[in-house]
Amino acid sequence: MNAFGVSTGTELPPLDIALDRTMIVAAAIASQDFEDVHHDPGKARERGTPDIFLSINSTNGLLNRYVTDWAGPGSRITATSLRLGVPAFPGDTLRFTGTVGEAAPGEVTLSITGSNARGAHVTATVTVAPTAEPDTGARRGETT
């Protein structure tokens, strides 16, 4: 499924992402978020959390992955508004779910939630614009 041909209320398939310590640290470093609470368990505990936790940049990256996996390569994200909720720690599984809020001819607005066992980690509104017709292989010279 992609961003073409959907209507308001269409539900996106869920995506589960298991979080481990390596992923949380690697994603923080990859996004150049060197805040110690994302890689140093002792510093995280000093600040009142039981362990390191997922950074907002990492959360945004996972959110974008969820949307682009669904929308496909013929689309692009044009706007994102997100709010963080409960933290996400190593051992958690983030379950992303989404619904098409508005399906206009030139864009689709999605309501997305990423939750773990403690509740909503992230809630977001994401706008996706189709940029091309679905890839049928015709541009690569493939025949059906």
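**View 1. Ala79 and its surroundings in strand β2 of the predicted model**. In this predicted model, Ala79 is partly exposed, with a relative accessible area of 36%, and its place is in strand β2, which covers residues 75-84. Apart from neighbours within four places in sequence, Ala79 is in contact with Thr125, Val126 and Thr127. The C-alpha atom of Ala79 is separated by 9.4 Å from that of Ala129, a residue 50 positions away along the chain.

**View 2. Strand β5 with its partners β2 and β4**. Strand β5, made of residues 119-130, pairs with β2 in the antiparallel sense over nine bridges, and within this pairing Val126 of β5 is the bridge partner of Thr80. Strand β4, residues 107-116, also runs antiparallel to β5 and is joined to it by nine bridges. Thr113 stands opposite Thr123 in β5, and a hairpin of two residues leads from β4 to β5.

**View 3. The salt bridge between Asp16 and Arg95**. The side chains of Asp16 and Arg95 meet in a salt bridge, with a distance of 2.7 Å from N to O. Because Asp16 lies in strand β1 (residues 11-18) and Arg95 in strand β3 (residues 93-104), the pair ties together parts that are 79 residues apart in sequence. Asp16 is partly exposed at a relative accessible area of 42%, and Arg95, at 40%, likewise counts as partly exposed.

**View 4. Asp36 and Arg47 in the loops around helix α2**. Asp36 forms a salt bridge with Arg47, and their closest N and O atoms are 3.5 Å apart. Asp36 lies in the loop between α1 (21-30) and α2 (41-46), while Arg47 lies in the loop between α2 and α3 (56-71), so the salt bridge ties together parts that are 11 residues apart in sequence. Asp36 is buried, with a relative accessible area of 18%, whereas Arg47 is exposed, with a value of 52%.

**View 5. A salt bridge within helix α3**. Arg65 and Asp69 both lie in helix α3, four residues apart, which is about one turn of the helix, and their side chains meet in a salt bridge of 3.3 Å from N to O. Arg65 is partly exposed, with a relative accessible area of 37%. Elsewhere, salt bridges that share partners join Glu35, Asp36 and Arg47 into one network.

**View 6. The protein as a whole**. Three helices and five strands make up the secondary structure, and along the sequence they follow the pattern β-α-α-α-β-β-β-β. Of the 144 residues in the protein, 36% are buried.

Terms used:
Residues are numbered from 1 along each chain as its sequence is written. This is a predicted model: local features need pLDDT of at least 70, side-chain atom pairs count only at pLDDT 80 or more; totals for chains, interfaces and linings use all residues. Side-chain values use heavy atoms; hydrogens and water are left out. Buried means under 20% relative accessible area, exposed over 50%, partly exposed in between (1.4 Å probe, protein chains only). Contact means heavy atoms within 4.5 Å. Two strands pair if DSSP finds at least two bridges between them. A salt bridge is a side-chain nitrogen of Lys or Arg within 4 Å of a carboxyl oxygen of Asp or Glu.
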